[in-house]
Amino acid sequence: GLGPATATALDDRPTYVWSVTPAGTLTDHVAIVNYSSQPLTLDLYARDAVNAPSGALTMQAKAVQPSDAGSWITLEIPGHASTVTVPARSTVIVPMSLTVPRNASPGDHTAGIITSLTAAATATNGTQTVHPNLEQRVAVPVDIRVSGPVHAKLAVEGMKVSYTQTLDPIGDGRATVTYHVVNTGNVNLGGHQQVSIRGMFGSAVHAAPPDIPVLLPGSSVTMSVPVQRVFPEFLMTAHVTVTPLVPSGTVDRGLTTARGLKRFWAVPWLLLGII
């Protein structure tokens, strides 16, 4: 287990949320909990947070050196060690400090405090056996807001639409709308999205894909949304709207809905051929 703490015990914070200025410093604590019945020697380190291709928040690998918020955090382990030994069914609290560079950009910077247990594993496919190292990690996010002008904005980019009709000459078909949602601002934002297809004769079909997870500034996620029961009305229009969602506990003003539009052809070729 891993969590924010005071100098003496775990506290009730689910994550770290720090507001700082360029060149600012602060101190805090992290608690490592060993629930097992034997001592554990665990790695303890800080890394930058990144968005996976799916949009999910993840942390850099241990072998990767952080270049942003993860590099601002110092874990004050005695002897400048990189590991902590936690006795069985015990908790060890480690002080840590944050030093913000003078040239830190305003807005959100996200990192994570990570503890991990690395053990040898064995894998075989029947003809070959390998012995990889298996790293089991637990992380606590660190959300850092650097003072200065903030811009909360999402953009819909690179829209494409493909259309597939059924073999029924008077039946409908399916449109697949593909696009990128990009965080073009400097604060963390998620999004509530809606997709609609409108025909030149007035038809309208809607789809409600899942909300977009929190995207870090500069990050993006690719969405591919199927829209069913689209009757081909020759020149069609796909609309995408993404309403920004701020993480719990933050307030950002000036939020605007991101919109995308793409026209495409949906021709009832089979019906025209019969006619």
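**Exercise 1. Strand β19 and its neighbours**

Find how many bridges join β19 to strand β20, and name the partner of M236 in β20.

Solution. Begin with the pair itself: in this predicted model, β19 and strand β20 (residues 258-266) run antiparallel and are joined by 9 bridges. Next, look for M236; its bridge partner in β20 is F264. Then turn to strand β15 (residues 189-199), which also pairs with β19 in the antiparallel sense, over 10 bridges. For a residue in that pairing, take V195, whose bridge partner in β19 is V240. Strand β19 therefore pairs with β20 and with β15, two strands being paired if there are at least two bridges between them.

**Exercise 2. A nonpolar surface patch**

State which residues form the nonpolar patch on the surface, and decide whether L235 is buried, partly exposed or exposed.

Solution. The patch consists of M200, F201, L235 and W265, with about 490 Å² of accessible area together. Locate L235 next: this residue is in strand β19 (residues 234-245). Its relative accessible area is 33%. Buried means under 20% and exposed means over 50%, so L235 counts as partly exposed.

**Exercise 3. The sheet that contains β3 and β8**

Give the strand order of the open sheet of 4 strands, then identify its edge strands.

Solution. The order is β1-β3-β8-β6, and the pairing is antiparallel. The edge strands, each pairing on one side only, are β1 (2-5) and β6 (73-75). From one strand to the next, the twist averages 35°. Now consider β3 and β8: strand β3 (residues 25-34) is joined by 10 bridges to the antiparallel strand β8 (residues 90-99). Within this pairing, I32 has V92 in β8 as its bridge partner.

**Exercise 4. Two positive phi values**

For H80 and R229, give phi, then the place of each residue in the structure and its exposure.

Solution. Start from the general rule: most residues other than glycine have a negative phi. Take H80 first. Its phi is near 55°, a positive value in a residue other than glycine. H80 is found in the loop between β6 and β7 (83-86). With a relative accessible area of 80%, H80 is over the 50% cut-off and therefore exposed.

Repeat the steps for R229. Its phi is near 60°, again positive in a residue other than glycine. R229 is found in strand β18 (residues 220-230), whereas H80 is in a loop. The relative accessible area of R229 is 67%, so R229 is exposed.

Terms used: Residues numbered from 1 in each chain as written. Predicted model: local features only at pLDDT ≥ 70, side-chain atom pairs only at ≥ 80, totals over all residues. Heavy atoms only, no water. Helix = DSSP H or I, 4+ residues; strand = E, 2+ residues; numbered from the N terminus. Axes fitted to C-alpha atoms, helices over the stretch in contact; angles between N-to-C directions. Patch = residues over 30% accessible without salt bridge, like charges linked within 9 Å, V, L, I, M, F, W, Y side chains within 5 Å. Areas by Shrake-Rupley, 256 points an atom, 1.4 Å probe, with all protein chains shown as cover. Salt bridge = Lys/Arg side-chain N within 4 Å of Asp/Glu carboxyl O. Buried < 20%, exposed > 50% of the residue type's maximum accessible area, 1.4 Å probe, protein only.
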